[in-house]
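Dear colleague,

I am passing this structure on to you, and I would be grateful if you could look through it alongside the notes below. The sequence and the coordinates come first, and my findings follow.

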Amino acid sequence: MMTMVFAVQEINRNSSLLPGVKLGYQIMDSCDHVHTSLRALFSLVSHRSAGNNGNYIKENITEERLGTQSETLPSCLAGSPISAVIGLASSSPTRAVAHTLGPFNIPLVSYFATCACLTDKHVYPSFLRTVPSDLFQVRGLVQLVTFLGWRWVGTIGTMDDYSHYGIQAFSNQFKQQGGCLAFHLTISKSPTVAEIQEMTDRLQRSTAQVVVVFATEGQLLELLSEGTLGFSFPAVHIPGLKEFLLNVRPSPEPGMEFVNMFWEELFGCRLQFLGDRLKEDATGTLDKPDSQSPVCTGSEDLRLTDSSYTDISQVRISYNVYKAVYAIAHALHHLLSCDLKGMCKKKKSFSSRQLLHYLKTVNFTTQFEEKVYFDSNGEPVPLYDIINWQKDSNDEIRFIKVGGYDGSAPLGQQLQMEKSSIVWTKGQSQVPVSQCSAPCPPGSRQARRPGQPHCCFDCLRCADGEISNQTGSTECTKCPEYYWSDKDNVKCIAGVEEFLSFYDTMGIILVALTVLGVILTTIITTVFHHFRSTPIVKANNSEISFLLLLSLKLCFLCSLVFIGQPSVWTCRLRQAAFGISFVLCLSCLLVKTIVVLSAFRANTPGSRALKLFGPSQQRTLILCTTAPQVCLCTGWLLGAPPFPFRNPTYQASTGKIVVECKEPWPPGFYLVLGYIGLLAFLCLLLAFLGRKLPDTFNEAKLITFSMLIFWAVWISFIPAYVSSPGKFTVAVEIFAILASSFGLLLCIFVPKCYIILLQPERNIKKGMTGKYPR
């Protein structure tokens with residue numbers, strides 16, 4: 001109130017602002033109550049004094065009238081008993097007064113009513129304010145809370161519009177930023193001890209360590225005793241204000257009732273006036289029998305007191321009053337067409353609507369280099385200081401600025417904080433943690449708890465092949481194809497390629513077996529070539545035997561194509577080489593079996609079987625049985641050739657990418673395998689029919705036994721091939737190739753080599769028919 005009086009007097013002394021015009025004022029006490037505020041307002045607009053009861057004080061310091069419609073009115077401005085109202089402090093009384101003044105277009109400039117509801121120009125068309133709306137305060141508060149990492153907070157409010165609308169806006173914006181409300185408490189106007197205790201218990205039971213409050217300080221003193229962060233208005237030092245306030249003295253003059261009451265309250269004394277001066281009787285008492293207060297001497301010094309009135313090193317709310325007075329003065333300055341020559345059109349008649357128009361468009365800079373103007377909603381530039389309540393060595397509260405908020409700055413630059421300057425609860429320097437659940441570490445994700453806010457969750461580790469590289473991730477991200485998660489599930493790494501390598505233990509063993517098979521085949525070929533003229537070699541067409549040995553060597557060698565990293569050519573070559581080599585081998589066995597059967601049939605009188613199935617017919621049969629497989633493989637490779645493929649199927653179980661040969665036409669492989677099975681079946685059938693022929697060395701028995709091994713290997717190969725993962729699929733096929741090749745080699749040729757090398761006496765023509773002496 002006294003800052004408003006100071007500002008009016010300062011303007012009246014200013015020759016450049018409203019030159020020749022004196023401003024006056026009337027002060028009403030709203031008592032922070034809706035009904036009292038409206039009663040005081042009606043007293044103003046109807047020129048009726050409410051009496052000297054502390055609710056109404058009228059003071060006229062105007063020396064010149066500005067031109068009026070009725071010269072008998074005690075008003076200093078024309079057209080209305082009052083031209084503008086400054087106030088009120090609380091939002092609820094301000095809403096009532098603003099709603100009343102709106103239809104009359106009488107400007108109402110508030111210095112502390114922050115409710116966002118007052119922004120509605122349809123309901124409050126004449127309302128403006130020099131304090132930012134709670135809309136900006138809430139935005140700043142949400143940014144502050146999220147900046148400090150608080151996602152789990154409680155709210156406390158009072159039963160007024162400021163608290164109701166403020167908490168509602170905060171809750172909505174805070175939830176949009178991912179926050180959650182743990183609880184909400186409402187402080188009644190006159191809380192009982194039981195209510196305070198219940199709220200205290202609720203606070204202590206909650207896991208939230210942070211409480212967001214929309215209330216005045218006095219309403220929280222009995223509930224909270226911690227340190228605190230809050231938004232306040234920018235503080236300034238107004239030159240001359242301190243001296244003005246300290247020079248105030250009690251007086252019996254009209255309009256000084258507030259000062260007199262303040263004086264008695266501050267010094268604990270009572271004032272007695274004798275005429276127009278203070279009665280100096282320190283021993284007297286008031287008429288009231290229950291009063292024992294001494295009489296004020298008038299010599300009390302405000303400089304020796306310690307109160308919020310005398311602590312004006314930096315004023316905040318009062319500065320909003322100061323700007324409100326100057327805003328109205330500048331609006332009048334332009335309305336009255338004041339010029340630089342010190343002249344104003346004092347006789348100009350104006351209406352409250354005109355003053356409101358100029359007030360909405362006012363734009364000036366204060367002596368503190370702050371621009372003052374109102375936006376389309378009558379709002380000022382939203383500037384705040386962030387204040388930390390800190391206790392000094394005397395256990396007294398000090399308000400320390402630790403940051404600021406500028407709602408007009410670009411997003412991301414509005415909030416400025418100095419964390420190191422903040423003193424938290426119990427003197428701690430570490431920012432308190434307030435969360436329902438700790439943020440999930442990288443490598444895991446949040447899993448909501450049913451029936452609880454989304455801030456309450458459990459942490460689940462990301463599945464293999466998925467990652468989360470940020471704290472508090474709600475979802476795990478699947479790694480791209482051919483990439484895999486590391487052991488901590490925080491980053492994707494290139495998948496480890498797996499194939500049957502020559503350097504693997506399994507690869508080395510298979511190569512060794514292949515080399516052994518090739519060596520044995522070469523040795524047997526050498527032995528047969530050396531003893532090619534002996535009966536046991538000549539008995540069954542040595543040419544077919546050498547061709548069979550060659551095909552077995554190819555069968556052993558084709559297994560090498562399956563080892564190593566697959567390439568375009570190895571993928572095309574491996575199945576074709578396998579299919580043709582084994583068909584050639586089985587064709588030779590089929591011919592040998594037919595030759596054996598024909599030879600014994602030739603011993604019967606009149607039989608021409610052996611002559612009809614001579615060497616040329618044998619070669620033709622080998623060619624005819626091998627040609628279908630060659631054509632099948634050629635068509636398969638030309639039409640849908642296998643190609644190298646990085647298979648991620650087993651990545652989930654092994655974490656590795658299998659490099660394999662993909663067959664775009666799977667029936668091709670099974671047709672190749674089926675044709676091999678058909679020839680093997682014919683060989684087995686014919687050899688089985690000739691197993692009991694009367695011969696000392698019946699080769700049909702050896703072929704039968706070798707075919708049984710062959711069938712056993714490949715029948716077990718099919719399910720193993722289908723079910724084996726990754727490189728083991730190739731290993732199973734190589735094993736089947738080697739096992740069947742060794743079976744054929746050992747069963748058919750080793751017994752002959754045994755006779756050739758160790759029992760040469762049996763290597764005679766009679767020995768072949770069993771007619772040699774035992």
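To begin with a single residue, Leu 638 counts as exposed, at 70% relative accessibility (buried means under 20% relative accessible area, exposed over 50%, and partly exposed in between, with a 1.4 Å probe and protein chains only). Leu 638 is placed in helix H16, residues 615-639; helices (H or I, at least four residues) and strands (E, at least two) are DSSP runs, numbered from the N terminus. Between Leu 638 and Arg 572 there are 9.6 Å in space, C-alpha to C-alpha, although the two are 66 residues apart in sequence.

Please keep in mind that this is a predicted model, in which local features need pLDDT of at least 70 and side-chain atom pairs count only at pLDDT 80 or more, while totals for chains, interfaces and linings use all residues. Residues are numbered from 1 along each chain as its sequence is written, and side-chain values use heavy atoms, with hydrogens and water left out.

On confidence, pLDDT is the predictor's confidence in each residue, from 0 to 100. The protein chain has a mean pLDDT of 83, with 87% of its residues at 70 or more. Among its elements, strand S5 has the highest mean pLDDT, 96, and strand S2 (residues 56-59) the lowest, 33. The pLDDT is below 50 over residues 48-79, a stretch that has 72 contacts in the model beyond near neighbours in sequence, where contact means heavy atoms within 4.5 Å. It is also below 50 over residues 282-290, and that stretch has ten contacts beyond near neighbours in sequence. Where pLDDT is low, the predicted coordinates should not be read in detail.

Turning to the sheets, one open sheet consists of three strands in the order S3-S4-S5, with parallel pairing; two strands pair if DSSP finds at least two bridges between them. Strands S3 (85-86) and S5 (127-129) stand at the edges with a single partner strand each, so one side of each is left without a neighbour in the sheet. Strand S4 (residues 108-110) runs parallel to S5 and is joined to it by three bridges, and Val 109 has Leu 128 in S5 as its bridge partner. Helix H3 (residues 91-101) lies across S3, S4 and S5 and runs at about 160 degrees to S4; axes are lines fitted to C-alpha atoms, for helices over the stretch in contact, and angles run from 0 to 180 degrees between N-to-C directions. In the loop between S3 and H3 lies Leu 88, which a cis peptide bond with omega of about -10 degrees joins to Gly 87.

Another open sheet of three strands, also with parallel pairing, has the order S7-S6-S8. Its edge strands, S7 (180-187) and S8 (210-214), each pair on one side only, and the twist averages 25 degrees from one strand to the next. Five bridges join strand S6 (residues 152-158) to S8, with Gly 154 standing opposite Val 211 in S8. Across S6, S7 and S8 lies helix H5 (residues 161-176), which runs at about 165 degrees to S6.

As for the interior, a nonpolar core is a set of buried Ala, Val, Leu, Ile, Met, Phe, Trp, Tyr and Cys residues joined through side-chain atoms within 4.5 Å. The largest such core has 64 residues, of which Phe 578, Leu 589, Met 707, Phe 710, Trp 714 and Phe 749 touch the most other members. Helix H14 (residues 568-602) supplies the largest share of this core, 13 residues. Beyond its neighbours within four places in sequence, Met 707 contacts residues including Leu 586, Leu 589 and Leu 744. A second, separate core of 56 residues includes Val 109, Ala 324, Val 325 and Leu 335.

A few single residues remain. Lys 727, in helix H20 (residues 727-748), is buried, with a relative accessible area of 18%, and among the residues that it touches more than four places away in sequence are Glu 498 and Asp 504. Cys 31, in the loop between strand S1 (25-28) and helix H2 (34-45), has a positive phi near 55 degrees and is partly exposed at 43%. Asn 489, in the loop between strand S21 (483-485) and strand S22 (492-494), has a positive phi near 60 degrees and is buried, with a relative accessible area of 1%.

With kind regards
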